[in-house]
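Trainee: I am new to this structure and would like a close look at a single part of it. Could you pick one helix and walk me through its surroundings, then show me how the rest fits around that picture?

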Amino acid sequence: MIAGIGTDIVYIPRFYKIFITKYQSNPRFVNKICSKFMHKVELAKMQKLQEAEIEQKTISNTTKVPLHIIYAAGVWSVKEAIYKSLDLDEKAEVDKDKGQKVPTLFLFSSIFYKSNNTSGKPIINLDANHLEAACVSPGLRSQILRSKFHLSISHDKDYLVSHVVREVA
């Protein structure tokens with residue numbers, strides 16, 4: 001049964017402008033900003049893409065958006081779509097009496113990560129170790145564990161779109 005749907009669209013030149021502008025003044029900026037929304041697996045992949053581009057000197061080609069920036073935009077879009085697919089009533093409450101919420105960045109950087117299966121299809125992975133964190137309510141933990149996430153990503157020139165369908169048995 002479909003329990004939630006999330007969609008997000010990203011304007012890639014916006015990411016490019018932020019990354020390139022900030023990167024020129026602080027080369028560590030890209031990793032610093034990306035660590036706020038990327039899981040360690042995604043960060044490692046992005047860093048490999050970035051290193052390969054530096055080696056091939058394609059990162060300085062201003063006519064083309066570097067692949068690591070497109071990858072970062074895709075990860076951002078996927079995380080937004082996942083978040084939108086979660087049940088709003090259970091989304092991030094830790095303690096309803098206190099009104100505490102799970103930090104969105106924690107959900108983005110610690111619990112979910114995007115990768116590809118052996119045929120190249122994008123998939124959403126769950127890092128279950130972080131679900132036991134104190135800031136994740138039993139309701140949200142249960143919702144995530146019962147869910148299967150289906151992902152579709154597409155991009156063409158300036159735009160990238162991610163679509164997530166959350167299914168429960």
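Mentor: Happy to; we will begin with the whole chain, settle on helix α6, and then move outward to other parts.

Please keep in mind that this is a predicted model. The protein has 6 helices and 7 strands. Starting at the N terminus, their order is β-α-α-α-α-β-β-α-β-β-α-β-β. Of its 169 residues, 41% count as buried. The protein exposes about 9800 Å², and carbon and sulfur atoms supply 54% of that area. Among contacts between residues at least 6 apart in sequence, 63% join residues at least 24 apart.

Now for the helix itself. Helix α6 covers residues 138–146, and its buried residues are L140, R141, Q143 and I144. Looking down the axis of α6, you would find these buried residues within an arc of 165°, so they line one face of the helix. Turn to the other side of α6 and you meet P138 and L145, which are exposed. What lies over the buried residues? The cover includes helix α5 (104–111) along with the strands β4 (112–116), β5 (122–126), β6 (147–156) and β7 (159–168).

Two of those covering strands are worth a visit. In strand β4 sits S115, which is buried at a relative accessible area of 19%. That value counts as buried because the cut-off is under 20%. The side chain of S115 makes a polar contact with the side chain of N125, at 2.5 Å. Setting aside neighbours within four places in sequence, S115 is in contact with K121, P122, I123 and N125.

Strand β7 brings us to aromatic rings, for which the count comes to 4 pairs. One of them joins Y11 and Y159 in a tilted arrangement, with 5.1 Å from centre to centre and 45° between the planes. Y11 belongs to strand β1 (residues 2–11) and Y159 to strand β7, so this pair ties together parts 148 residues apart in sequence. Y11 is partly exposed at 40% relative accessibility, and Y159 is partly exposed too, with a relative accessible area of 44%.

Another pair is made by F37 and W76: their ring centres are 5.1 Å apart and their planes stand at 90°, so the pair is edge-to-face. F37 is in the loop between α2 (29–34) and α3 (40–56), while W76 is in helix α4 (residues 67–85), 39 residues away along the chain. F37 is buried, with a relative accessible area of 4%, whereas W76 is partly exposed at 26%.

F37 also leads us to the protein's interior. In soluble globular proteins, nonpolar side chains tend to be buried together. Here the largest nonpolar core has 21 residues, and those that touch the most other members are F15, F19, C34, F37, M38 and M46. Helices α1 (12–25), α2, α3 and α4 each supply at least two residues of this core, with the largest share, 6 residues, coming from α4. For a view from one member, M46 touches V30, N31, C34, M38, H68, Y71 and A72, not counting residues up to four places away in sequence. There is also a second, separate core of 16 residues, which includes A81, I82, F112 and F149.

Note on methods:
Residues are numbered from 1 along each chain as its sequence is written. This is a predicted model: local features need pLDDT of at least 70, side-chain atom pairs count only at pLDDT 80 or more; totals for chains, interfaces and linings use all residues. Side-chain values use heavy atoms; hydrogens and water are left out. Buried means under 20% relative accessible area, exposed over 50%, partly exposed in between (1.4 Å probe, protein chains only). Helices (H or I, at least four residues) and strands (E, at least two) are DSSP runs, numbered from the N terminus. The arc is that of the directions from the helix axis to the C-beta atoms. Contact means heavy atoms within 4.5 Å. Accessible areas come from the Shrake-Rupley method with a 1.4 Å probe; for residues, only the protein chains shown count as cover. A polar contact is a pair of N or O atoms within 3.5 Å; within protein, one must be able to donate a hydrogen and the other to accept it, and residues adjacent in sequence count only if both atoms are side-chain atoms. Rings of Phe, Tyr and Trp (its six-membered ring) pair if their centres lie within 6.5 Å; planes under 30 degrees apart count as stacked, over 60 as edge-to-face and the rest as tilted. A nonpolar core is a set of buried Ala, Val, Leu, Ile, Met, Phe, Trp, Tyr and Cys residues joined through side-chain atoms within 4.5 Å.
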